[in-house]
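Dear colleague,

Please find the structure below, together with its sequence. My notes on one helix and on a metal site follow it.

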Amino acid sequence: MISIPQHVLDAVVAHARAEAPNECCGLLLGRAGAIDEALPARNVRRSPAAFQVDPVDHFAAIRRTRAEGREILGAYHSHPHSAALPSATDIAEAHYPEFLHLIVSLAGPAPEVRGYHIRSGEAVEGELEFCET
Ligand SMILES: [Zn+2]
C-alpha cells in the first residue's frame, strides 16, 4: 500500500488538466519514504503521447531536495487520451527502479490515477491509498 496525500493527488490532476491535450510530467518529493509534494516539471517533448522531464527541472529538484534533507521518491505524468497504464515507452524509459511512477488518465469521465514500480522492463502496479495529510 502506497500512501499519497490528497493534496498531492489534486495537484497532479490539476497539472494534467492544465497541460492537456499534451502530457504533463513532474516529480514526487518527500521525506523518509513518504510523498508530500508534487513538483511540476516541463515536458520537453510537448506531446499528447509522450513525455520527458526537462533535465534542468530534474537537476533543480535534486539540488533542492538535497538542501532540504528530502528526496525524490517518484515521477508522475498524464495520459490525456488513454488509460492509466504504462506505455511501452514509459517502461523502456523508466530509469529509476526505486521510483513510484504515477500515471493520471484523463480519458474517462473522471481522472484515474494508478501507481507502478518499473524494474528491468516490467511494470508492477502498487495499490494506492489517498490520505488527508
Ligand atoms: Zn505514459
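To begin with the surroundings of helix 2, its buried residues are covered by parts of the chain that include strand 2 (25-31), strand 3 (34-41) and strand 4 (71-79). Please bear in mind that this is a predicted model.

The buried residues in question are Asp-57, His-58, Ala-61 and Thr-65. Viewed down the axis of helix 2, they fall within an arc of 100° and so line one face of the helix. An α-helix has 3.6 residues a turn, so residues three or four places apart point the same way. On the face turned away from the buried side, helix 2 carries the exposed residues Val-56, Phe-59, Arg-63, Arg-66 and Ala-67.

Helix 2 comprises the 14 residues 55-68 and spans 20 Å from its first C-alpha to its last, close to the 20 Å expected. Its N-terminal end is capped by Asp-54, which places a side-chain oxygen 2.9 Å from the backbone nitrogen of Val-56. Just after helix 2, Gly-69 adopts a positive phi of about 70°.

The second topic is the zinc ion. Its protein donors are NE2 of His-77, NE2 of His-79 and two OD entries from Asp-90, at 2.0 to 2.6 Å from the ion. The angles among the four donor atoms run from 55 to 162°, and the site is irregular. Along the chain, the donors follow the spacing H-x1-H-x10-D. His-79 lies in strand 4 and Asp-90 in helix 3 (residues 88-92), so this pair ties together parts that are eleven residues apart in sequence. Both His-79 and Asp-90 are buried.

With kind regards

Note on methods
Residues are numbered from 1 along each chain as its sequence is written. This is a predicted model: local features need pLDDT of at least 70, side-chain atom pairs count only at pLDDT 80 or more; totals for chains, interfaces and linings use all residues. Side-chain values use heavy atoms; hydrogens and water are left out. Helices (H or I, at least four residues) and strands (E, at least two) are DSSP runs, numbered from the N terminus. The expected span of a helix is 1.5 Å times one less than its number of residues. Buried means under 20% relative accessible area, exposed over 50%, partly exposed in between (1.4 Å probe, protein chains only). The arc is that of the directions from the helix axis to the C-beta atoms. Contact means heavy atoms within 4.5 Å. A polar contact is a pair of N or O atoms within 3.5 Å; within protein, one must be able to donate a hydrogen and the other to accept it, and residues adjacent in sequence count only if both atoms are side-chain atoms. Donors are N, O and S atoms within 2.8 Å of the metal (3.2 Å for Na, K and Ca); water is not among the atoms, so sites may look incomplete. Four donors count as tetrahedral if all angles lie between 85 and 135 degrees; four count as square planar and six as octahedral if opposite donors are over 155 degrees apart and all others between 65 and 115; anything else is irregular.
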